[in-house]
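Here are a few notes to help you find your way around. Keep the viewer open as you read, and take the points in order.

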Amino acid sequence: MTAIDTAIRAAAADIELMGVTKAYDVRTVVIPPLDVALRPGEFTVVLGPSGCGKSTLLQMIAGLERVSGGKIVIGGREVQDLEPKHRGCAMVFQNYALYPHMTVAENMAYSLKVAGVSKTERAERVADVARMLGLADFLARKPGQLSGGQRQRVAIGRAIIREPGVLLFDEPLSNLDAQLRHDMRVELADLHRRIGATSVFVTHDQVEAMTLADRILILNKGRIEQFDTPKAIYHRPASVFVAKFIGAPPMNVLTVTGDGSALRLADGQVVGNYEGKGSFQLGIRPEDITVNAGGAIKAAIRYREDLGSHEILEADVAGQQLRISTPFGAEIDAAATLSLSFPQARLHLFDGETGRAIPNAFHNADAVRRSVKEYQ
Ligand code: ADP
């Protein structure tokens, strides 16, 4: 028998959604027509705020929810009208969905039993998966005798034992405490490296998205805001929505006016140089702002939060809120007016109306080529 990791790598399918839509009724269009292609073996994280349609999208791929229109193609087969069990997908749920009266081994082997796989092969595959997930010592236990993390591993084992072409995860870590979430993230990333399954992972947690994904698909009201690598999403957000969704604290976005050579705040302070005229939104990450190094931008501190390794300053600049992340040990006089500078290479410019990014507004061609290369 082939080892399970080799079998899963071989089974990894591509997924293509073509004009897929979901509407519960004429007024509740949850997903307007959506097109996206996921590569075989790719780990895609679907990220977005609650209610943006992440679970609906995942369930349409799994077959637990019908599409209202469009096609879903998995491994070259049109599947949107097929039963879930015929789609070659396995799903890991948030609540584990384990059978409480069955042992770990029985839980993991159950789908194979239903599929008529022989007892010998079932035992081999259970042993293989248990070894892979560190569950070998727990095979005789019932789910009630396991920790949350172990239960989640059993749920993952139960999914991968069928050697699926696609693994679907619906917020699988949200029931775990912070430390365990971290440990499971590391385990999942490691597992993915070993088995290379095509994976679609739904979460509202940006850290999970940044650390697990090959590419992150950011959804806003059922529409794709951006679909790109974590680095590109962080360094080149395609819209104000993405910019404000990623980062802790997220990117500052200020309303500015362009006079043809400079971008100005409402009080006339210049915050960047740009040849455009009109209203824009200017983004800068809290960690990219330089404090008190002869900067010309004046801001008043409203609040400071000391997090040990660094401090977050909340400041007011021309009536708009600004968050600044300063390194441990930075000398900041809370009573004084802050003198800030915004390094031009760290600025992001967005259209004042649509909120879409204006690419390369502040970069020369060389820097752009370098950064594109770096983030590919
Ligand atoms: P997410 O997973 O991003 O939190 P969901 O996919 O669960 O979002 O839901 C997307 C939207 O679809 C929400 O506004 C939700 O209220 C709506 N929705 C989900 N299921 C139904 C349903 N059965 N009937 C009507 N609306 C629904």
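1. Start with the lining of the largest cavity, where nine residues are nonpolar, one is polar and none is charged. Please keep in mind that this is a predicted model. To see the lining for yourself, select L17, V36, L38, T44, V46, L57, L58, I61, V200 and L217. They surround about 60 Å³ of space.

2. Which element gives the most to this lining? It is α2, with three residues. At least two residues each come from β2 (28–38), β3 (43–47) and α2 (54–62).

3. The structure has two cavities of 30 Å³ or more, and the second largest holds about 40 Å³ of space. Its lining is made up of F43, L167, F169, L188, L191, H192, I195 and S199. Two elements, β7 (166–170) and α6 (178–195), supply two or more of these residues each, and α6 has the largest share, with four. Sorted by class, the lining of the second largest cavity comes out as six nonpolar and two polar residues, again with no charged ones.

4. Now for a charged side chain: do have a look at R122, in helix α4 (residues 119–133). R122 is buried but forms no salt bridge. How far away is the nearest side chain of opposite charge? That side chain belongs to E106, and the distance is 9.1 Å; a salt bridge would need a nitrogen and a carboxyl oxygen within 4 Å.

5. What does R122 touch instead? Apart from neighbours within four places in sequence, R122 is in contact with A109, L112, K113 and V117.

Notes: Residues numbered from 1 in each chain as written. Predicted model: local features only at pLDDT ≥ 70, side-chain atom pairs only at ≥ 80, totals over all residues. Heavy atoms only, no water. Buried < 20%, exposed > 50% of the residue type's maximum accessible area, 1.4 Å probe, protein only. Lys, Arg positive; Asp, Glu negative; His and termini not counted. Contact = heavy atoms within 4.5 Å. 1 Å grid on protein atoms, 1.4 Å probe; cavity = no way out; pocket = protein on both sides within 12 Å on 5 of 7 lines; lining within 4 Å. Points joined across faces, edges and corners; volume = space filled by probe spheres on them. Nonpolar A, V, L, I, M, F, W, Y, C, P; charged D, E, K, R; others polar.
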